Amino acid sequence: MMLSLQTRLPSFSLVFSPFKPYSPPFKSKPRFSTIRMSSSQSVVEHIVLVKVKDGTEPSKVSAMVNAMNSLASIDGVLNLTAGPLLRNGPTTAFTHMLHSRYHSKDHLQAYNVHPTHIAAVTGFIFPVSEDIMVVDWVGAKTTLNPSATGSGLRVRFLKLKGGGGDDHDEIKVKDEVLSVVGGMKEGVGELSYGENFSPERAKGFSIASLSIFPGRKELESVKLEKVVEHVEDTIVVDYVVP
């Protein structure tokens with residue numbers, strides 16, 4: 001089931017409060033690689049999905065994308081790319097995506113409250129956006145650069161079913177779903193996945209993954225695998241770095 005979201009923008013803010021605790025090229029026909037993490041190999045993944053209002057002037061959309069990409073200059077940003085989603089991708093409710101990486105949650109928080117970020121959000125993103133969704137997780141550092149021109153990215157968000165069980169049962173279900181996501185073999189590429197740590201901005205989606213491919217051809221050649229058990233809804237978007 002692909003999800004079409006209609007959230008009223010005025011009730012949402014990207015000016016965030018502090019968080020609570022809580023390459024070498026591939027050789028011939030490589031397998032999909034899940035990167036095993038150590039503390040030195042982990043990164044914080046930050047995904048923003050935007051649905052631009054119908055009828056928005058193209059110049060304002062371009063200004064929004066330029067403002068997003070300018071955020072790469074903020075200290076602490078390891079990688080950042082922003083632009084339009086593939087229109088023939090698996091989910092079309094959103095129109096644009098920003099992906100960025102950080103060494104830690106503290107670096108992400110510093111980015112969130114940076115004046116340049118706040119100016120971009122309030123001056124260029126909010127005025128043209130009908131819907132916005134944000135998901136953050138601690139994932140794996142990959143050998144493929146997710147912001148390299150021409151790279152293909154597939155983002156998947158999962159909303160788990162509410163079973164009404166105790167905390168132990170919920171943890172068990174999350175672990176099972178994470179194991180399934182981490183074991184997916186989606187062809188040529190690399191995978192970073194984890195549990196969302198910013199639930200107030202994610203519309204109930206708690207599991208996220210980012211598949212990185214060398215290019216659009218590899219991305220579009222991969223059949224989308226579905227996670228069914230324990231999952232209520234799924235959002236999947238495809239993106240090629242401009």
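## A buried lysine and its partner

At 15% relative accessibility, K51 counts as buried, because the cut-off for that word is under 20% relative accessible area. This value, like the others in this report, was computed from a predicted model.

The side chain of K51 meets that of E130 in a salt bridge, with a distance of 3.6 Å from N to O. The two partners come from distant parts of the chain, since E130 belongs to strand 5 and K51 to strand 2, and they are 79 residues apart. E130, with a relative accessibility of 23%, counts as partly exposed, whereas K51 is buried.

## Other salt bridges

The count of salt bridges comes to 8. One of them joins the side chains of E45 and R101, at 2.9 Å from N to O. Because E45 lies in strand 2 and R101 in strand 4, this pair ties together parts that are 56 residues apart in sequence. Both E45 and R101 are buried.

A further salt bridge is formed by the side chains of R216 and E220, again with an N to O distance of 2.9 Å. Here the partners are 4 residues apart in helix 5, which covers residues 216-221, so they are separated by about one helical turn. R216 has a relative accessible area of 41% and is therefore partly exposed, and E220, also with a value of 41%, is partly exposed as well. Elsewhere, salt bridges link D136, E200 and R201 in a network.

## The nonpolar cores

Which residues have the most contacts inside the largest nonpolar core? They are V50, M64, L98 and Y111, in a core that has 26 residues. Two or more residues of this core are given by each of several elements, namely strand 2 (42-52), helix 1 (58-70), strand 3 (77-84), strand 4 (96-102), helix 2 (105-112), helix 3 (115-125) and strand 5 (129-140). Of these, helix 1 provides the largest share, with 5 residues.

Y111 can serve as an example of how such a residue is surrounded: leaving aside residues up to four places away in sequence, Y111 touches H46, L71, I74, V77, L80, L98, Y102 and H117. Apart from the largest core lies another one, of 22 residues, which includes L85, V135, A208 and L210.

Note on methods:
Residues numbered from 1 in each chain as written. Predicted model: local features only at pLDDT ≥ 70, side-chain atom pairs only at ≥ 80, totals over all residues. Heavy atoms only, no water. Core = buried A, V, L, I, M, F, W, Y, C linked by side-chain atoms within 4.5 Å. Buried < 20%, exposed > 50% of the residue type's maximum accessible area, 1.4 Å probe, protein only. Contact = heavy atoms within 4.5 Å. Salt bridge = Lys/Arg side-chain N within 4 Å of Asp/Glu carboxyl O.
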